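Hi,

Here is the structure I promised to pass on. Please have a look, then read my notes below.

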Amino acid sequence: MLKSMAEYRIQPLTLTLGHLYPDQLNLYGDRGNILTLRRRCQLRGIELRVVGLGVGDALAPDEYDMLFIGGGQDKEQAPVAQDLYEMKGIGLWAAIEDDMPVLAVCGGFQLLAHYYRPAEGPDMRGLGVFDAWTEHKGPHVARCIGDIALSWNGQTLVGFENHGGRTYLGTARPLGKVLKGYGNNAEDQTEGAIYRNAYGTYLHGSLLPKNPHFADYLIELALQRKYGDQADMEPQPLNGNHISVASENGSTVLELQKTNLSPLLTPLEDSLEWEAHASILERLGLYSEAATVLRTHKR
(Lines give C-alpha, C1' and ligand atoms only; values in the text may rest on other atoms or scores of the structure.)
Protein backbone atom coordinates (compact mmCIF):
# COMPACT_ATOMS: atom_id res chain seq x y z
CA MET A 1 0.00 0.00 0.00
CA LEU A 2 1.17 3.52 -0.77
CA LYS A 3 1.70 5.38 2.47
CA SER A 4 1.91 8.93 1.09
CA MET A 5 1.37 10.64 -2.24
CA ALA A 6 1.98 14.07 -3.73
CA GLU A 7 1.05 15.10 -7.23
CA TYR A 8 3.84 16.34 -9.46
CA ARG A 9 4.63 16.98 -13.05
CA ILE A 10 7.97 15.71 -14.25
CA GLN A 11 10.58 17.91 -15.87
CA PRO A 12 10.83 18.06 -19.68
CA LEU A 13 12.34 14.79 -20.81
CA THR A 14 15.32 14.35 -23.09
CA LEU A 15 16.85 11.26 -24.64
CA THR A 16 20.04 10.87 -26.66
CA LEU A 17 20.23 8.23 -29.37
CA GLY A 18 23.55 7.06 -30.76
CA HIS A 19 23.21 6.17 -34.45
CA LEU A 20 26.08 3.81 -35.31
CA TYR A 21 27.56 4.07 -38.82
CA PRO A 22 24.81 6.22 -40.38
CA ASP A 23 26.82 6.64 -43.62
CA GLN A 24 27.92 3.01 -44.03
CA LEU A 25 24.90 1.03 -42.80
CA ASN A 26 21.92 2.85 -44.26
CA LEU A 27 20.16 0.52 -46.70
CA TYR A 28 16.46 -0.23 -47.11
CA GLY A 29 15.17 2.96 -45.50
CA ASP A 30 16.49 2.23 -42.04
CA ARG A 31 16.78 5.97 -41.37
CA GLY A 32 13.00 5.83 -41.13
CA ASN A 33 13.45 4.17 -37.77
CA ILE A 34 15.30 7.24 -36.48
CA LEU A 35 12.69 9.58 -37.93
CA THR A 36 9.90 7.61 -36.30
CA LEU A 37 11.50 7.61 -32.88
CA ARG A 38 12.18 11.34 -33.11
CA ARG A 39 8.61 12.13 -34.24
CA ARG A 40 6.94 9.97 -31.60
CA CYS A 41 9.04 11.62 -28.93
CA GLN A 42 8.39 15.11 -30.30
CA LEU A 43 4.62 14.63 -30.24
CA ARG A 44 4.88 13.88 -26.52
CA GLY A 45 7.11 16.81 -25.66
CA ILE A 46 10.21 14.62 -25.40
CA GLU A 47 13.40 15.84 -27.02
CA LEU A 48 15.30 13.10 -28.85
CA ARG A 49 18.85 14.08 -29.74
CA VAL A 50 20.49 11.95 -32.43
CA VAL A 51 24.29 11.65 -32.53
CA GLY A 52 26.04 9.88 -35.40
CA LEU A 53 28.91 7.54 -34.54
CA GLY A 54 31.06 6.70 -37.55
CA VAL A 55 34.21 4.71 -38.13
CA GLY A 56 36.88 5.87 -35.67
CA ASP A 57 34.46 7.32 -33.13
CA ALA A 58 34.52 5.88 -29.63
CA LEU A 59 31.28 4.96 -27.91
CA ALA A 60 30.98 6.39 -24.39
CA PRO A 61 27.93 4.61 -22.96
CA ASP A 62 27.17 7.31 -20.37
CA GLU A 63 26.45 9.78 -23.18
CA TYR A 64 23.53 7.84 -24.69
CA ASP A 65 20.11 6.48 -23.75
CA MET A 66 19.42 4.40 -26.88
CA LEU A 67 21.49 2.96 -29.73
CA PHE A 68 20.65 2.06 -33.32
CA ILE A 69 22.67 0.24 -35.98
CA GLY A 70 21.31 -0.49 -39.44
CA GLY A 71 22.21 -2.71 -42.37
CA GLY A 72 24.56 -2.54 -45.34
CA GLN A 73 26.17 -4.59 -48.07
CA ASP A 74 29.04 -6.95 -47.34
CA LYS A 75 31.65 -4.52 -48.69
CA GLU A 76 30.50 -1.87 -46.20
CA GLN A 77 30.24 -4.31 -43.32
CA ALA A 78 33.91 -5.37 -43.37
CA PRO A 79 35.46 -2.08 -42.15
CA VAL A 80 32.49 -1.55 -39.83
CA ALA A 81 32.98 -4.98 -38.26
CA GLN A 82 36.60 -4.17 -37.43
CA ASP A 83 35.74 -0.75 -36.01
CA LEU A 84 32.82 -2.12 -34.02
CA TYR A 85 35.04 -4.70 -32.38
CA GLU A 86 38.12 -2.53 -31.82
CA MET A 87 36.69 0.96 -31.18
CA LYS A 88 33.16 0.53 -29.90
CA GLY A 89 33.02 -3.00 -28.49
CA ILE A 90 33.78 -2.23 -24.85
CA GLY A 91 31.43 0.74 -24.72
CA LEU A 92 28.64 -1.11 -26.51
CA TRP A 93 28.94 -4.12 -24.22
CA ALA A 94 28.84 -1.84 -21.17
CA ALA A 95 25.72 -0.11 -22.49
CA ILE A 96 23.94 -3.39 -23.18
CA GLU A 97 24.83 -4.89 -19.81
CA ASP A 98 23.42 -1.72 -18.24
CA ASP A 99 20.11 -2.43 -20.04
CA MET A 100 20.32 0.36 -22.60
CA PRO A 101 17.82 -0.33 -25.41
CA VAL A 102 19.55 -1.20 -28.68
CA LEU A 103 17.95 -1.88 -32.05
CA ALA A 104 20.15 -3.66 -34.60
CA VAL A 105 18.75 -4.29 -38.09
CA CYS A 106 20.04 -6.79 -40.67
CA GLY A 107 23.82 -6.22 -40.97
CA GLY A 108 23.85 -4.61 -37.54
CA PHE A 109 22.09 -7.67 -36.16
CA GLN A 110 24.68 -9.95 -37.78
CA LEU A 111 27.60 -7.96 -36.34
CA LEU A 112 26.21 -8.21 -32.81
CA ALA A 113 26.28 -12.02 -33.09
CA HIS A 114 29.44 -14.15 -33.02
CA TYR A 115 30.41 -13.89 -36.69
CA TYR A 116 29.18 -13.36 -40.22
CA ARG A 117 30.56 -15.70 -42.90
CA PRO A 118 30.08 -14.02 -46.30
CA ALA A 119 29.75 -15.85 -49.60
CA GLU A 120 33.31 -14.75 -50.41
CA GLY A 121 36.15 -13.60 -48.21
CA PRO A 122 37.04 -14.10 -44.56
CA ASP A 123 34.65 -14.23 -41.65
CA MET A 124 33.68 -10.95 -40.03
CA ARG A 125 34.06 -11.15 -36.29
CA GLY A 126 31.08 -9.94 -34.29
CA LEU A 127 30.71 -8.85 -30.69
CA GLY A 128 28.89 -11.97 -29.54
CA VAL A 129 26.11 -10.04 -27.82
CA PHE A 130 23.66 -12.52 -29.31
CA ASP A 131 24.53 -16.20 -29.07
CA ALA A 132 24.06 -16.61 -32.83
CA TRP A 133 26.00 -16.74 -36.08
CA THR A 134 25.32 -16.01 -39.75
CA GLU A 135 26.42 -17.78 -42.91
CA HIS A 136 25.84 -16.69 -46.50
CA LYS A 137 25.42 -19.86 -48.55
CA GLY A 138 26.41 -18.31 -51.86
CA PRO A 139 24.68 -17.03 -55.00
CA HIS A 140 23.18 -20.44 -55.80
CA VAL A 141 20.86 -20.10 -52.78
CA ALA A 142 18.00 -17.65 -53.17
CA ARG A 143 17.95 -14.57 -50.95
CA CYS A 144 15.26 -14.15 -48.33
CA ILE A 145 13.21 -11.34 -49.85
CA GLY A 146 9.66 -10.21 -49.21
CA ASP A 147 7.12 -9.07 -46.68
CA ILE A 148 7.25 -10.73 -43.29
CA ALA A 149 5.04 -10.95 -40.22
CA LEU A 150 5.84 -12.42 -36.84
CA SER A 151 4.25 -12.80 -33.46
CA TRP A 152 5.72 -10.68 -30.68
CA ASN A 153 4.41 -10.30 -27.14
CA GLY A 154 0.93 -11.40 -28.13
CA GLN A 155 0.86 -8.95 -31.06
CA THR A 156 2.28 -8.85 -34.58
CA LEU A 157 5.29 -7.14 -36.09
CA VAL A 158 5.52 -6.59 -39.85
CA GLY A 159 8.24 -5.50 -42.21
CA PHE A 160 10.25 -6.30 -45.32
CA GLU A 161 13.28 -8.58 -45.34
CA ASN A 162 16.11 -8.82 -47.85
CA HIS A 163 19.12 -10.85 -46.75
CA GLY A 164 21.36 -13.54 -48.17
CA GLY A 165 22.81 -14.62 -44.85
CA ARG A 166 21.15 -17.27 -42.71
CA THR A 167 21.30 -16.66 -38.98
CA TYR A 168 21.16 -19.51 -36.49
CA LEU A 169 20.50 -19.04 -32.79
CA GLY A 170 22.35 -20.79 -30.02
CA THR A 171 20.89 -19.97 -26.62
CA ALA A 172 19.65 -16.53 -27.75
CA ARG A 173 15.92 -15.94 -27.54
CA PRO A 174 14.27 -14.99 -30.84
CA LEU A 175 12.50 -11.68 -31.18
CA GLY A 176 9.43 -13.53 -32.45
CA LYS A 177 8.01 -16.48 -34.35
CA VAL A 178 7.54 -16.13 -38.10
CA LEU A 179 3.91 -16.24 -39.23
CA LYS A 180 4.68 -15.59 -42.90
CA GLY A 181 8.05 -14.94 -44.48
CA TYR A 182 11.57 -16.30 -44.04
CA GLY A 183 12.94 -14.98 -40.76
CA ASN A 184 16.45 -15.76 -39.60
CA ASN A 185 17.12 -18.69 -41.88
CA ALA A 186 13.90 -19.87 -43.64
CA GLU A 187 14.12 -23.09 -41.65
CA ASP A 188 13.08 -22.81 -38.00
CA GLN A 189 10.51 -19.95 -37.93
CA THR A 190 12.69 -17.80 -35.68
CA GLU A 191 13.18 -14.10 -36.35
CA GLY A 192 15.71 -11.85 -34.73
CA ALA A 193 17.31 -12.23 -31.32
CA ILE A 194 17.11 -10.67 -27.87
CA TYR A 195 19.69 -10.12 -25.16
CA ARG A 196 18.62 -7.95 -22.24
CA ASN A 197 17.27 -4.79 -23.94
CA ALA A 198 19.15 -5.37 -27.20
CA TYR A 199 17.00 -6.43 -30.16
CA GLY A 200 18.31 -7.78 -33.44
CA THR A 201 16.05 -8.26 -36.46
CA TYR A 202 15.95 -8.56 -40.24
CA LEU A 203 12.81 -6.41 -40.49
CA HIS A 204 13.33 -3.41 -42.74
CA GLY A 205 10.61 -1.44 -44.37
CA SER A 206 11.37 0.60 -42.18
CA LEU A 207 10.46 -1.43 -39.14
CA LEU A 208 9.22 1.23 -36.71
CA PRO A 209 6.85 3.34 -38.88
CA LYS A 210 4.57 0.34 -39.39
CA ASN A 211 5.01 -0.93 -35.84
CA PRO A 212 4.22 1.99 -33.52
CA HIS A 213 3.82 -0.33 -30.53
CA PHE A 214 7.41 -1.53 -30.90
CA ALA A 215 8.70 2.02 -31.37
CA ASP A 216 6.94 3.06 -28.16
CA TYR A 217 8.28 0.00 -26.39
CA LEU A 218 11.86 1.08 -27.13
CA ILE A 219 11.15 4.67 -26.08
CA GLU A 220 9.59 3.42 -22.85
CA LEU A 221 12.63 1.30 -22.08
CA ALA A 222 14.90 4.30 -22.54
CA LEU A 223 12.72 6.59 -20.40
CA GLN A 224 12.33 4.06 -17.61
CA ARG A 225 16.05 3.39 -17.57
CA LYS A 226 16.91 7.09 -17.40
CA TYR A 227 14.13 8.46 -15.21
CA GLY A 228 12.32 5.57 -13.60
CA ASP A 229 14.39 5.31 -10.42
CA GLN A 230 15.10 8.99 -9.85
CA ALA A 231 13.50 10.21 -6.63
CA ASP A 232 14.63 13.81 -6.99
CA MET A 233 13.23 14.88 -10.35
CA GLU A 234 12.09 18.49 -10.35
CA PRO A 235 8.32 18.79 -10.86
CA GLN A 236 7.77 20.48 -14.25
CA PRO A 237 5.08 20.29 -16.95
CA LEU A 238 5.11 17.63 -19.66
CA ASN A 239 2.20 17.73 -22.12
CA GLY A 240 -0.19 18.50 -19.26
CA ASN A 241 -0.10 14.94 -18.00
CA HIS A 242 0.08 14.52 -14.25
CA ILE A 243 1.84 11.69 -12.58
CA SER A 244 1.87 10.76 -8.95
CA VAL A 245 5.13 10.38 -7.07
CA ALA A 246 4.59 8.04 -4.16
CA SER A 247 6.99 6.73 -1.55
CA GLU A 248 6.81 3.09 -0.62
CA ASN A 249 9.43 1.41 1.57
CA GLY A 250 11.88 4.19 0.85
CA SER A 251 11.62 3.91 -2.95
CA THR A 252 9.88 6.17 -5.41
CA VAL A 253 7.08 4.93 -7.63
CA LEU A 254 5.80 6.87 -10.66
CA GLU A 255 2.16 6.31 -11.49
CA LEU A 256 0.16 7.92 -14.29
CA GLN A 257 -3.33 8.90 -13.23
CA LYS A 258 -4.84 7.00 -16.17
CA THR A 259 -3.89 3.44 -15.36
CA ASN A 260 -4.25 2.18 -18.94
CA LEU A 261 -1.24 4.24 -20.05
CA SER A 262 2.43 3.57 -19.59
CA PRO A 263 4.14 5.57 -16.82
CA LEU A 264 5.82 8.03 -19.19
CA LEU A 265 4.05 7.77 -22.57
CA THR A 266 0.67 9.01 -23.73
CA PRO A 267 -1.08 7.36 -26.68
CA LEU A 268 -0.88 8.91 -30.15
CA GLU A 269 -3.31 8.92 -33.05
CA ASP A 270 -1.84 6.01 -35.03
CA SER A 271 -4.67 5.02 -37.37
CA LEU A 272 -2.55 5.41 -40.52
CA GLU A 273 0.30 3.40 -39.01
CA TRP A 274 -2.04 0.58 -38.06
CA GLU A 275 -3.71 0.62 -41.49
CA ALA A 276 -0.27 0.18 -43.07
CA HIS A 277 0.47 -2.61 -40.58
CA ALA A 278 -2.81 -4.36 -41.38
CA SER A 279 -2.30 -4.01 -45.15
CA ILE A 280 0.89 -6.05 -44.93
CA LEU A 281 -0.88 -8.70 -42.88
CA GLU A 282 -3.63 -8.86 -45.52
CA ARG A 283 -1.06 -9.03 -48.32
CA LEU A 284 0.44 -12.06 -46.55
CA GLY A 285 -2.96 -13.72 -46.22
CA LEU A 286 -3.15 -13.16 -42.45
CA TYR A 287 -6.71 -11.84 -42.60
CA SER A 288 -7.71 -12.70 -39.04
CA GLU A 289 -4.65 -10.92 -37.64
CA ALA A 290 -5.32 -7.91 -39.87
CA ALA A 291 -8.94 -7.72 -38.69
CA THR A 292 -7.82 -7.88 -35.07
CA VAL A 293 -5.38 -5.01 -35.61
CA LEU A 294 -8.00 -2.80 -37.29
CA ARG A 295 -10.61 -3.63 -34.67
CA THR A 296 -8.24 -2.94 -31.78
CA HIS A 297 -6.86 0.29 -33.19
CA LYS A 298 -9.86 1.71 -35.01
CA ARG A 299 -10.31 5.50 -34.96
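**Arg143 and the second largest pocket**

An unreviewed UniProt entry places the feature "binding site" at Arg143. Bear in mind that the model is predicted.

I started with that residue. Arg143 sits in the loop between β8 (132-136) and β9 (144-152). Is its side buried or exposed to solvent, or something in between? Arg143 has a relative accessible area of 37%, so it counts as partly exposed, a class that runs between the 20% limit for buried and the 50% limit for exposed. Leaving out residues up to four places away in sequence, Arg143 touches Tyr28, His136, Asn162, His163, Gly164 and Arg166.

Next, the pocket. The second largest one has a volume of about 170 Å³. Its lining comprises 15 residues. Gly72, Gln73, Asp74, Arg143 and Gly164 lie nearest its centre. Two elements, α2 (74-97) and β10 (155-163), give two or more residues each to this lining. By class, the lining has nine polar, four nonpolar and two charged residues. Arg143 and Gly164 thus appear in both parts of these notes: they touch each other, and both are among the residues nearest the pocket centre.

Now the whole chain. The protein has six helices and 17 strands. Of its 299 residues, 50% count as buried. It exposes about 13,800 Å², with carbon and sulfur atoms supplying 50% of that area. Among contacts between residues at least 6 apart in sequence, 70% join residues at least 24 apart.

Best wishes

Methods
Residues are numbered from 1 along each chain as its sequence is written. This is a predicted model: local features need pLDDT of at least 70, side-chain atom pairs count only at pLDDT 80 or more; totals for chains, interfaces and linings use all residues. Side-chain values use heavy atoms; hydrogens and water are left out. Helices (H or I, at least four residues) and strands (E, at least two) are DSSP runs, numbered from the N terminus. Buried means under 20% relative accessible area, exposed over 50%, partly exposed in between (1.4 Å probe, protein chains only). Contact means heavy atoms within 4.5 Å. Accessible areas come from the Shrake-Rupley method with a 1.4 Å probe; for residues, only the protein chains shown count as cover. On a 1 Å grid over the protein atoms alone, a cavity is a set of points where a 1.4 Å probe fits but cannot get out, and a pocket is an open set with protein on both sides within 12 Å along at least five of seven lines; lining residues have an atom within 4 Å of a point. Grid points are joined across faces, edges and corners, and a volume is the space filled by probe spheres set on the points. Ala, Val, Leu, Ile, Met, Phe, Trp, Tyr, Cys and Pro count as nonpolar, Asp, Glu, Lys and Arg as charged, and the others, Gly among them, as polar. UniProt positions are given in the numbering used here, feature names are shortened, and annotations may be inferred rather than shown by experiment.
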